Amino acid sequence: MLPDDSGDAIDHVIVTYFPAPRSYTAEDVIEIGCHGAPIVLRHCVERACAAGARIAEPGEFTLRAYLNGRIDLPQAEAVRDLIEATTLYQARIAAQQVEGSVSRRIKPVKEKLLELIALLEAGIDFADNDVDVAPDSEILRRIEQIERELSHLAASFAFGKLVHSGFTMAIVGRPNVGKSSLFNRLLKQDRAIVTDIPGTTRDLVSEVSAIEGIPVKFIDTAGIRAGQDIVESLGVERSYQAIADADVAVVVVDLSSPVTPEDRAIIERARERSAVVVAGNKSDLPTAADFEPDVRVSAATGQGIDELRARIFRALAPDGAAAREPGFITSIRHEQLLRESLEALAHARTAVESHIPHEMLLLDLYAALQPVDAITGATTADDILNRIFSTFCIGK
Ligand SMILES: Nc1nc2c(ncn2[C@@H]2O[C@H](COP(=O)(O)OP(=O)(O)OP(=O)(O)O)[C@@H](O)[C@H]2O)c(=O)[nH]1
Ligand SMILES: [Mg+2]
C-alpha cells in the first residue's frame, strides 16, 4: 500500500525483489510497480527518496551492470538504442545487440590479432635461441585475414547507419510528373495535394514513415521549372535545397511524354549531391519517352513501387544484403574504431613488407588492438564511458 502524507492509501503497488547477482545490475535490486499516473509516480519516488533513496544518474543502472561485468560495452550501448527505437525492426536489432551480437562478431577477430601478437612476442623473447617465429609470408597472411574481417564488419555500418538513424528521401522532378502521387503512394496515405495543374506543390511537404522497419523522412517538393511567379520560384529553390539535404533523391520523370533537357538537368544536379534513383512514372500509359529509368513505376496503379523501395535501399547501402547478416554494426563509434584499427593494420602490413624488425611491427599491432579493445571494453578510458552513458536520457 502506498500512503499519502496523512496515511491514506492512494495506490497498491507490487514490489519485486531481485537478489544479487540475478538482477539487471547484478546487485540486490527492488522494483516497485505502481499505476501509471504521473502524480502517483512522483509521489512514490518522493517517498522513496525521503526514506534514503536517490534518483539514478542518466544510464546509471546500465553503467552498474557494465561495471559489475554483467554486460559488455556494445551491450550497454544497445540498451540505449533499444530505449530509443522507433520501429520494431530497430528494436529487434538492438535486442540482438543487447544479447551480444556485436561482441560475438568482433571477438574471434580480436582473438586472431592476439594470437599474432603472442607469436611475435614469443619470437622476440626467444630470439637468442634461434627460434624462427614465422616466415613473413605467414605473418602477412594473418594480417590480411584480420584486415578482411574487420573491413567487412566496418562496411556493414553503411546499412547499420540506416537502421540506427533512418534516412531522408527527397522526391524531385519537373512539374506534373507525379511526384506528389508517388509520395502519397509510398506513404500509403493521401498526404500531399495532387491535381493535373503543373505547379500544384509549392513548398516542401514532409512526413516520417518507415520502409522495412527503417525510419524514413519522405519529402515531396515543388516541380522544378524556370520563369514562374515568385512563390513558385521560391519553392523551386527549396526543392534544390531538399536534394542537397537528402540522403537519397528520387528523380521522377513522366514516361508518357518525351523526356526533356530539364529532366536530364535535374538528374545531373541530383547526382552531384546525393544518391539517386530515377523513377519513370505513369508507366500505365503508353510510353512516349525514349529513355531508360532505373525503375518503371505507376503511382496510379502501384505497379513497380516495391521495386522502387528496393532500389532506394540499394542506392543507399550497395552491400545491403550482406550487411543484414547477424552482428552488423549500427554505432558510428564502433565504425570509427574499426577504421582506426584497419589503419594500424595497414601500417603493420607495410612494415612486414619492408622487413622492419618485429619490435616495431608489434607497435603497429598493439595500435590495432587498442581500438578493438575500446569496443569490446577490455581497456576503457573514462571519457569513453562518460560519452556513452551521458547520452542516456533516462535513469535506465
Ligand atoms: N496515368 C497516370 N497518371 C498519374 C500518375 N501519377 C500521377 N498522375 C497524374 O498526373 C498529374 C500530376 O500529379 P501530381 O502528383 O500532382 O504531380 P507533381 O509532380 O506532384 O506535380 P507538381 O506538384 O505540380 O510539381 C495528376 O493528374 C495525377 O493524377 C500515374 O502513374 N499514371
Ligand atoms: Mg506535387
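The following paragraphs describe a metal site, a surface patch, a set of paired strands and one helical residue in a predicted model.

Because the model is predicted, local features are restricted to pLDDT of at least 70 and side-chain atom pairs to pLDDT 80 or more, whereas totals for chains, interfaces and linings use all residues. Residues are numbered from 1 along each chain as its sequence is written, chains are lettered from A and ligands numbered from 1 in the order in which they are written, and side-chain values use heavy atoms, with hydrogens and water left out.

The magnesium ion (ligand 2) has Ser 180 (OG) and Thr 201 (OG1) as its protein donors, at 2.0 to 2.1 Å. Donors are N, O and S atoms within 2.8 Å of the metal (3.2 Å for Na, K and Ca); water is not among the atoms, so sites may look incomplete. Ser 180 belongs to helix 8 (residues 179-187) and Thr 201 to the loop between helix 8 and strand 6 (205-211), so the two donors tie together parts 21 residues apart in sequence. Helices (H or I, at least four residues) and strands (E, at least two) are DSSP runs, numbered from the N terminus. Ser 180 is buried, with a relative accessible area of 9%, and Thr 201 is likewise buried at 11%; buried denotes under 20% relative accessible area, exposed over 50%, and partly exposed the range in between (1.4 Å probe, protein chains only).

At the surface, Val 15, Tyr 17, Ile 30 and Ile 32 make a nonpolar patch of about 420 Å². Patches are made of residues with over 30% relative accessible area and no salt bridge, with like charges joined within 9 Å and nonpolar side chains (Val, Leu, Ile, Met, Phe, Trp, Tyr) within 5 Å. Accessible areas come from the Shrake-Rupley method with a 1.4 Å probe, and for residues only the protein chains shown count as cover. A salt bridge is a side-chain nitrogen of Lys or Arg within 4 Å of a carboxyl oxygen of Asp or Glu. Strand 3 (14-18) and strand 4 (29-33) each contribute at least two residues to the patch. Tyr 17, in strand 3, is exposed at 52% relative accessibility.

Strand 7 (residues 214-220) has 6 of its 7 residues buried and is therefore largely enclosed by the rest of the structure. Strand 7 runs parallel to strand 5 (residues 167-173), with 5 bridges, including that between Ala 170 and Ile 219. Strand 6 pairs with strand 7 in the antiparallel sense over 7 bridges; pairing requires at least two DSSP bridges. Val 208 has Lys 217 of strand 7 as its bridge partner. In the hairpin of strand 6 and strand 7, with 2 residues between the strands, Glu 212 adopts a positive phi near 45 degrees.

Asp 373, in helix 14 (residues 358-376), is buried at 10% relative accessible area.
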